Amino acid sequence: MSDPSARLPPLLPLLLGQIAHQIRLLLRTPRAMGTGLVLPILLLLLNSSDGQIAPSRLAGCAVLGTTMIAWTTHGIGLVAARESGVMKRWRATPLPAWCYLSGQIVASVLVSVLAGAVAVLAGVAFFGTDLDIWRALAMLTAIFLGALACASAATAVTGFISTVASAFPILGLTYLPVVLFSGTVGDPVKASWVSTIASYLPVRPIIEAAGHALTGTGLPVRDVLVLCGWSVAGLLVSLAVFRWEPTRTRQRRPARTSTAPRADAGGDHVGRRS
């Protein structure tokens, strides 16, 4: 019998097909896509002043849409696929495991970049934000690095989440404080120790890098290194803790009431009670 893996297409078309499949699944999630695409634009309208929007505020709104999809939508999607048995069925096919997981991560990153780009384009169209080709490329680079960092970290976190019911509280409680402290939807927290911690978490470096990109001052090396560090660490931890099959909860069987004769301490038998 021939090896099934020998009949697989080349790896690159296989990976590209898996990425396209996962992108279609993401785009068919109206709640997640509506939140990631519409909410940043609404915040832009609320934060505008006299028809103008500050580059830092525009960067924060763009990063909000990017991180919501790369962190919460991506993480919850992985847990849901595992709990429903989708991952287990994919694992039983000749498709390499790395190809499926890479397709998930890359698709989430690309859709996250799309969400950030839509917010930036809204700033250009509605508020006249100046954006040339070099600033646009720098902005896309910052958003891409940030989306990859968040998606990699979320993939690692899903290894510690057992059910979909617990996925949203865990991912939400780890996401919202970081977003608020980093100044995504407002001014960052002024406390120095909070600012220091936020500078080492993924969200604040994305905002800083995106803000510098919009002003044409280039990408800060420190922020780029922090984001790359989160990407590498997230992928390494994912290799160690990621699970393909759902967690099976142990069910305690009810104790059986035996009606058979039992022996007493003296060795005599006690019959059934009438």
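Here are some notes for a first look at this structure, which is a predicted model.

1. Start with the overall layout. The protein has 10 helices and two strands. Reading from the N terminus, the order is α-α-α-α-α-α-α-α-α-α-β-β, so keep an eye on the C-terminal end if you want to find the strands, which follow the helices under the DSSP-based numbering used here.

2. A few totals help to set the scene. The protein counts 274 residues, and 40% of them are buried. Its accessible surface is about 15400 Å², with 65% of that belonging to carbon and sulfur atoms. Among contacts with a separation of 6 or more, 79% join residues 24 or more positions apart.

3. Helix H6 (133–157) is a good place to spend some time. Take its pairing with H5 (residues 97–127) to begin with: the two axes come within 9 Å and cross at roughly 140°. Why call the pair oblique? An angle has to be over 145 degrees to count as roughly antiparallel, and H5 and H6 are therefore oblique to each other. The crossing of H5 past H6 is right-handed.

4. Now for who meets whom in that pair. On the H5 side you'll find Leu 101, Ile 105, Val 109, Ser 112, Val 113, Gly 116, Ala 117 and Val 120. Their partners in H6 are Met 139, Leu 140, Ile 143, Phe 144, Ala 147, Leu 148, Ala 151 and Thr 155. Sorted by class, the contact of H5 with H6 has 13 nonpolar and three polar residues, with no charged ones.

5. H3 (residues 55–83) also packs against H6, with axes that come within 9 Å and cross at roughly 25°. Angles under 35 degrees count as roughly parallel, and that is why H3 and H6 are described that way. H3 passes H6 in a right-handed crossing. From H3, the contact includes Ala 62, Thr 66, Trp 71, His 74 and Leu 78; from H6, the residues include Met 139, Ile 143, Ala 147, Cys 150 and Val 157. The contact of H3 with H6 divides into 12 nonpolar, five polar and no charged residues.

6. What about H9 (residues 203–215)? The axes of H6 and H9 come within 8 Å and cross at roughly 170°, which makes H6 roughly antiparallel to H9. Arg 135, Ala 138, Met 139, Ala 142, Gly 146 and Cys 150 in H6 meet Ile 206, Ala 209, Ala 210, Ala 213, Leu 214 and Thr 215 in H9. By class, the contact of H6 with H9 has nine nonpolar residues, two polar and one charged.

7. Just past H6, have a look at Gly 159, in the loop between H6 and H7 (164–182). Is Gly 159 buried or exposed? Its relative accessibility is 10%, and since buried means under 20%, Gly 159 counts as buried. Leaving aside residues up to four places away in sequence, Gly 159 touches Arg 82, Val 241 and Arg 243. Trp 244 is 85 residues away from Gly 159 in sequence, with 9.1 Å between their C-alpha atoms.

8. One more loop residue is worth finding: Asp 187, between H7 and H8 (192–200). With a relative accessible area of 56%, Asp 187 is exposed, because the cut-off is over 50%. Along the chain, Asp 187 and Arg 57 are 130 residues apart, yet their C-alpha atoms are separated by 8.8 Å.

Note on methods: Residues are numbered from 1 along each chain as its sequence is written. This is a predicted model: local features need pLDDT of at least 70, side-chain atom pairs count only at pLDDT 80 or more; totals for chains, interfaces and linings use all residues. Side-chain values use heavy atoms; hydrogens and water are left out. Helices (H or I, at least four residues) and strands (E, at least two) are DSSP runs, numbered from the N terminus. Buried means under 20% relative accessible area, exposed over 50%, partly exposed in between (1.4 Å probe, protein chains only). Contact means heavy atoms within 4.5 Å. Accessible areas come from the Shrake-Rupley method with a 1.4 Å probe; for residues, only the protein chains shown count as cover. Axes are lines fitted to C-alpha atoms, for helices over the stretch in contact, and angles run from 0 to 180 degrees between N-to-C directions. Angles under 35 degrees count as roughly parallel, over 145 as roughly antiparallel, 65 to 115 as roughly perpendicular and the rest as oblique. A crossing is left-handed if the near helix is turned anticlockwise from the far one by less than a right angle, and right-handed if clockwise. Ala, Val, Leu, Ile, Met, Phe, Trp, Tyr, Cys and Pro count as nonpolar, Asp, Glu, Lys and Arg as charged, and the others, Gly among them, as polar.
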